[in-house]
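Visitor: I am new to this structure and would like a close look at one part of it. Could you take me through the place where the ligand sits?

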Amino acid sequence: MNESFGTDDGTEGYPGVGRVLVVIPTYNEADNVGVIVDRIRRAVPAAEILVADDNSPDGTGEIADRLAAADKRLHVLHRTGKQGLGAAYVAGFSWAREHGYDAVVEMDADGSHAPEELPGLLDAARDADVVIGSRWMSGGQVVNWPWHRQLLSRGGNLYTRLALGMPVSDATGGYRVYRVPTLDKLDLDSVASQGYSFQVELSWRAHQAGLRTVEVPITFAERERGASKMSPVIIGEALWRVTLWSVLDRRGGPARDRRRGDADRQPRWP
Ligand SMILES: Nc1nc2c(ncn2[C@@H]2O[C@H](COP(=O)(O)OP(=O)(O)OP(=O)(O)O)[C@@H](O)[C@H]2O)c(=O)[nH]1
Ligand SMILES: [Mg+2]
């Protein structure tokens with residue numbers, strides 16, 4: 001792992017936000033990892049990057065190592081095997097905390113999240129704990145996604161909003177910024193979600209903890225290279241977990257207490 005910090009240009013990261021680490025989870029993204037790193041470099045020179053690879057059989061981790069050897073602001077976290085997006089992000093966030101970053105960015109490796117839109121998310125992070133890039137708010141859009149994927153995403157978000165009463169238009173979206181001190185309030189060690197449900201779980205925890213979430217419209221594009229890791233298991237996990245959180249909240253929880261005007265109760269996670 002490349003263990004260097006700070007920015008080449010001598011500045012302390014992104015103005016008003018501080019040292020930024022873009023965490024990119026990868027599994028079989030050999031054709032994408034170099035392209036996304038290059039695009040981030042151009043779009044936000046002040047950001048550092050951590051590729052969190054789950055020992056991809058296609059050699060993504062080795063490609064990232066080669067790139068990191070020539071770029072001291074690119075780091076690689078090698079994990080032992082495929083353990084899901086959620087586990088890769090939790091490991092990446094811990095790494096960011098240990099190494100003194102002020103903000104972490106979640107971004108897919110497949111180009112669906114445009115690095116060119118990252119300055120907009122980081123600008124919003126100046127006044128927020130969590131920033132979500134939203135496909136489903138006014139000004140947001142998806143490009144080249146088949147109708148059934150749009151339906152699934154819109155339906156999943158509608159169900160999440162109705163079940164949890166959380167005012168977030170794209171709770172499953174994976175293009176985000178978290179201020180690092182915020183992460184301490186989300187008890188990441190107890191997060192069990194693996195797939196999309198990880199994004200919903202962190203939104204839900206942030207909401208329950210009374211943190212400030214801001215959404216920014218993004219243009220989400222279908223991946224051009226490589227294979228999707230989406231599966232019925234991942235969809236099923238999101239469905240049952242959202243339902244469980246909803247039931248637990250109805251029985252009594254900090255979000256419900258806040259709706260009733262009692263903001264003091266501390267969250268306890270299932
Ligand atoms: N480290 C790690 N990364 C993963 C894992 N599963 C998915 N990823 C990465 O997470 C990001 C999102 O995965 P995708 O396959 O694009 O899933 P998706 O964006 O939900 O689905 P599509 O819209 O069909 O692309 C990509 O960068 C993947 O390589 C995993 O188990 N471990
Ligand atoms: Mg994708």
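**The largest pocket and its ligand**

Guide: Happily! A total of 34 residues line the largest pocket, and those nearest its centre are L85, D108, Y196, K229 and M230. Please keep in mind that this is a predicted model. Three elements each give two or more residues to that lining: β1, α3 and α8, the last of these running over 232–251. Among them, α8 gives the most, with three residues. Sorted by class, the lining of the largest pocket holds 11 nonpolar, 12 polar and 11 charged residues. The space inside the largest pocket comes to about 740 Å³.

Now for the ligand itself. The space that ligand 1 takes is this largest pocket. Around ligand 1 there are 20 residues, and the ones that come nearest are E29, D110, R149, S228 and K229. You have already met K229, since K229 is also one of the residues nearest the centre of the pocket. By class, the shell around ligand 1 is made of nine nonpolar, three polar and eight charged residues. Two elements, β1 (20–26) and α3 (85–98), each supply at least two residues of this shell. Both β1 and α3 also appeared in the lining of the largest pocket.

Next, let us look at single atoms. One place to start is P25, where a polar backbone atom is 2.8 Å from an oxygen atom of ligand 1. With K82, the side chain takes part instead: an N or O atom there is 2.8 Å from an oxygen atom of ligand 1. The side chain of Y196 likewise has an N or O atom 2.8 Å from an oxygen atom of the ligand. How much of the accessible area of ligand 1 does the protein cover? On its own, ligand 1 has 630 Å² of accessible area, and the protein covers 95% of that.

How values were computed
Residues numbered from 1 in each chain as written. Chains lettered and ligands numbered in written order. Predicted model: local features only at pLDDT ≥ 70, side-chain atom pairs only at ≥ 80, totals over all residues. Heavy atoms only, no water. Near = heavy atom within 4 Å. Polar contact = N/O pair within 3.5 Å; in protein donor to acceptor, adjacent residues only side chain to side chain. Areas by Shrake-Rupley, 256 points an atom, 1.4 Å probe, with all protein chains shown as cover. 1 Å grid on protein atoms, 1.4 Å probe; cavity = no way out; pocket = protein on both sides within 12 Å on 5 of 7 lines; lining within 4 Å. Sits in = over half its atoms within 2 Å of the grid points. Helix = DSSP H or I, 4+ residues; strand = E, 2+ residues; numbered from the N terminus. Nonpolar A, V, L, I, M, F, W, Y, C, P; charged D, E, K, R; others polar. Points joined across faces, edges and corners; volume = space filled by probe spheres on them.
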